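User: Could you take a close look at one part of this entry, beginning with how its strands pair and then working outwards to what lies around it? Please define each term as you go, since I am in my first year.

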Amino acid sequence: MNDLIKNERMPAIWCQGCSLGIVLGQFANVLAELGLSKENTVVVSGIGCTGRFAGYMNLDSVHTTHGRAIPVAEGIKRANPELNVIVVSGDGDLSGIGGNHLIHSSRRNIDITVICVNNEIYGLTGGQLAPTTSIGSVTMTSPKGSDIEPINLQGLCTLNKNYFYARTTPAHILHMKERIKDAVKWKGFSFVEIRTRCITRSKNPAFKTGQELLEWLKKSYKLTEENRVLREDELGMVKNG
Amino acid sequence: MAKTIAEGNEAIVKGALKAGLGFYAGYPITPASEIMHELSKSDIAFVNAEDEIASVSMIIGASLAGKKSMTATSGPGFSLMQEGIGLAHMMRVPVVIVNSQRVGPSTGMPTLAAQADMLQAYHGSHGDFVSIAFYPNSAEECYKYTIEAFNAAEDARCPVFLLSDAILSHLAESVDLDAIKVQLKERKIKPLGSGNRHFTGLLSKDGIPKTKDSLYYRQWYKSYKDEVMSAAGRYNFYEYIENKNSDTLIISYGILSRAVSEMSNEYALFRPIRVFPILDELREIAKKYKKITVIEMNDGQYATLIESFLKREVRKIPVLGGTVSADEIRKELRNE
């Protein structure tokens, strides 16, 4: 454990078995390894379970309104380009209510990193359908299973000339850590999608323990080293710029 | 210094730059767009954003990062900014938001002036908060009170509104801006990147959320309100023209007060420049007059607030539809 996490605020509010603690720990390790500190780094979150992320970091952090982490972060970066500005937020926050900002900040190629913890559901509000929910998934607002194609985050984040998109999971812990590191080092807009599920709200499949969830993630995705469009079940990194 | 010609929007830009503006984000909208046209030519950090929600969020971020920040819009954009306005109150972030008003609701009459966002400026965002707003009535005043808006934002650590309208924003007047001297307030809060502070829209104490503590909320709200009210109290700008021969005090503000100013021989006139919070000075002044009349370019929004502030009935003269004529106002005043 390094001093970039507010230890006095541990344990976090997240449910037992939730992947967010793993992400928090590895994220802090990446910052420490890259020499990022209170003097040069700001973490910004939106609203939701992942929205609480910024508050656990032991450096200046901002917890914005729902969906606005990216424009707040862009304002910070433009006001002080010397700062490393990193957004950590959820899929509903970044691709639903904040989707327009994702499209445009990535188009402007502002030099920030966005880490999206994608659990395919609105967890904090009780488990409703998100833009990321997979077809067939039962949620509080799709009781018969979703029949809508989920948002294509890879597609959205690779629309422009310059892009950095990585997909990983907390079950592939070293891969996740290295991709976060690559994204933070990237000059320009970078996006890391961390695929997981909600330990409390996800229904099909549902998970009894964190270990069960991690094993399912490990089984569901495979790694690729190739710099090309990732298939749905692949983890890797696509970049240009 | 020789006089030059400036429109209201241009004077707002000059005032903002004089005040030390370091960041602007905005979305094009009539009748405020000239502000972003001008600022895009300046050296400050500037974003032509995707919408007004992004604009207000960006200026909050930039202000936290240490730059005096501003956006400008009109009614439809001001509605979208209400979310960020609440956030800036909760996080105590100084920002300036210009609202050049036009006829609504919705897209309304985009090129015609109104003063119909007064209640939105007073309390458009959800939850309880204290609004500070200035409303100049000339190009020179647009310059001066833009600077004062920046100063008040720094003092009160909250968003401050500079209200204008489609007429004032585009009113070209002879101005001598160099003759206007305003002491500038510097930033006191340390910029991001200097500690382990947590800025959050949640009720929090020392960066730790306190979302189930009613008692703490009450204490927090009281100290927040005291601080903002006391800062606002250092900006008590108004104009009062006494008339001992009249039993009527006319209250008007912004561009409409220019038409009403012709009536000082017949009536006493009060013009709030700091329109919010409502000026305490009005209480004593109003006592001298049997009748209070509020003339404004909306259906009685400020009048309703004045009624509750003075706890007495107020005559409302709405000037609707985007055009102003002193003759019509006079006729209406006589029509009692």
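Analyst: B:Tyr238 stands opposite B:Pro272 in S15(B), and this pair belongs to the place where S13(B) and strand S15 (residues 268-272) of chain B run antiparallel, joined by four bridges. Two strands are said to pair if DSSP finds at least two bridges between them, while the strands themselves (E, at least two residues) and the helices (H or I, at least four residues) are DSSP runs numbered from the N terminus.

Because this is a predicted model, local features need pLDDT of at least 70 and side-chain atom pairs count only at pLDDT 80 or more, whereas totals for chains, interfaces and linings use all residues. Residues are numbered from 1 along each chain as its sequence is written, and chains are lettered from A and ligands numbered from 1 in the order in which they are written.

The pairing of S13(B) with S15(B) is part of an open sheet of five strands with mixed pairing, whose order in chain B is S13-S15-S14-S17-S18. Its edge strands, each pairing on one side only, are strand S13 (238-241) and strand S18 (315-318) of chain B, and from one strand to the next the twist averages 20°. Strands of a sheet pair through backbone hydrogen bonds, either parallel or antiparallel.

Across part of this sheet lies helix H11 (residues 301-310) of chain B, which touches strand S14 (248-251), strand S17 (291-296) and S18 and runs at about 150° to S17(B). Such angles run from 0 to 180 degrees between N-to-C directions, and the axes are lines fitted to C-alpha atoms, for helices over the stretch in contact. Contact between two residues requires that their C-beta atoms, placed from the backbone, lie within 7 Å.

Elsewhere in chain B, helices pack on helices. Helix H6 (residues 139-156) and helix H8 (residues 214-232) of chain B pack at about 150°, their axes 9 Å apart, and H6(B) and H8(B) are therefore roughly antiparallel; angles under 35 degrees count as roughly parallel, over 145 as roughly antiparallel, 65 to 115 as roughly perpendicular and the rest as oblique. From H6(B) the contact uses B:Ala152, B:Asp155 and B:Ala156, and from H8(B) it uses B:Glu227, B:Val228, B:Ala231 and B:Ala232. By class these residues are five nonpolar, no polar and two charged, where Ala, Val, Leu, Ile, Met, Phe, Trp, Tyr, Cys and Pro count as nonpolar, Asp, Glu, Lys and Arg as charged, and the others, Gly among them, as polar.

A second packing joins helix H1 (residues 8-19) and helix H2 (residues 33-40) of chain B, at about 45° with axes 8 Å apart, which makes H1(B) oblique to H2(B). Here B:Asn9, B:Glu10, B:Ile12 and B:Val13 of H1(B) meet B:Glu34, B:Ile35, B:Glu38 and B:Leu39 of H2(B), and these residues divide into four nonpolar, one polar and three charged.

Taken as a whole, chain B contains twelve helices and 18 strands, and its C-alpha atoms fill a box of roughly 60 × 50 × 40 Å along the principal axes.

Strand pairing also crosses between the chains, since three bridges join S2(A) to strand S10 (residues 198-200) of chain B, the two running parallel, with A:His63 opposite B:Thr200 in S10(B). The whole contact takes 29 residues from chain A and 36 residues from chain B, and H2(A) gives the most to the side of chain A that touches chain B, with eight residues.
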